Amino acid sequence: MSRILIVTDAWLPQINGVVRSIEALLHEAPALGVKIEVLDSTGFRTAPIPTYPSMRFAVTRPGAVARRIEAADPDFVHIATEGPLGLCAWIACRRAGRPFTTCYHTRFPEYLAMRRVAPRRAVYWLLRRFHNAGLGMMVATQSLERELRARGFDRLMRWSRGVDSELFRPCETSVLDLPRPIFLTCARLAVEKNLDAFLSLDLPGSKVVVGDGPDRARLQAHFPDAHFLGELQGTALSAAYASADAFVFPSLSDTFGLVLLEALASGLPIAAFPVPGPLDVIGDSGAGALDWDLKRAALAALSIPRETARAHALTFSIAASARQFVDNIFRAHAAPSAEAGFAG
């Protein structure tokens, strides 16, 4: 049984697309004949992330991470994030001549530029150096692949996402006792999610926000008529999705948007801008309305049958996503560059 070690700065109790994607891999690994382990910040000293104090990152050195990697004795190393832990793993693998793969989960250049931390051009330069040193970089969508290839990233491999269609499904009863129609969004409450674009819309009925983050206090103060439910997980999250009438996704910068699949599987049609992520997930399925006028998209989504949304979500299976990930690992290490030896 092949052993895959995933190194990630993002892990439980965090709730985000990176964590959920890795959790899905762990669930499907036995059926694929592989063993997947996670190297996260557990056991390391941690510190809060600047501008996001509720999230923490590992404070460590490449040597300490190298010892963790050697103790795990993996056949393959996959570096899922470009944070401090991922960077230490990157350095450790290169020093040891150990091949690895990576994944582009998050648009850090855009996010850091929004916070005026670093210019996009400089961050893209750093990310190219990080990812191009590996045997392959996984990306979630065709449009993201085209964009990153144009920016000089190479050895790109597609890894789509899947949804737990048993957990996220339509239900007969509603847990939201609010005026209808109910427009719901689920996101990290942070500047990059562009939630003001949704909450400022003049829409009938009610607006509901699921999630938490550093921008919550400001959003609640500016939009007192919206209903903020905080973080929800499992059946509570599924019930909230299924109780709404349309899912509004205002982000302009997500690489995929796993919440789109969760909403669709719950029978919730999508309203979003026509940008990478929604364009790739919704496509020409008819399961959502994409429009630069987000209000028009939200109102149009109300006329989309819930059965159409659910049917489209079922085309994104967790099993297929996990198989694609594992196949990418094997294919990257079987490529001529890997066979010739990892230059480091």
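In what order do the six strands of the open sheet stand? The order is 2-1-5-6-7-8, with parallel pairing; strands (E, at least two residues) and helices (H or I, at least four) are DSSP runs numbered from the N terminus, and two strands pair if DSSP finds at least two bridges between them.

A word on the model: it is predicted, with local features needing pLDDT of at least 70 and side-chain atom pairs counting only at pLDDT 80 or more, while totals for chains, interfaces and linings use all residues. Residues are numbered from 1 along each chain as its sequence is written, and side-chain values use heavy atoms, leaving out hydrogens and water.

Strand 2 (34-39) and strand 8 (156-158) are the edges; each has a single partner strand, so one side of each lacks a neighbour in the sheet. Further in, strand 5 (residues 76-79) and strand 6 (residues 100-103) pair in the parallel sense over three bridges, and Val77 has Phe100 in strand 6 as its bridge partner.

Two helices meet these strands, with contact meaning heavy atoms within 4.5 Å. Their angles run from 0 to 180 degrees between N-to-C directions, using axes fitted to C-alpha atoms, for helices over the stretch in contact.

| Helix | Strands met | Angle to strand 2 |
|---|---|---|
| Helix 1 (residues 17-28) | strand 1 (2-7), strand 2 | about 145° |
| Helix 2 (residues 62-72) | strand 1, strand 2, strand 5 | about 160° |

Helix 1 also gives eight residues, the largest share, to the lining of the second largest pocket. Here a pocket is an open set of points on a 1 Å grid over the protein atoms alone, where a 1.4 Å probe fits, with protein on both sides within 12 Å along at least five of seven lines; lining residues have an atom within 4 Å of a point. Among the 26 lining residues, Arg20, Glu23, Ala24, Asp164 and Glu262 are the closest to the centre of this pocket.
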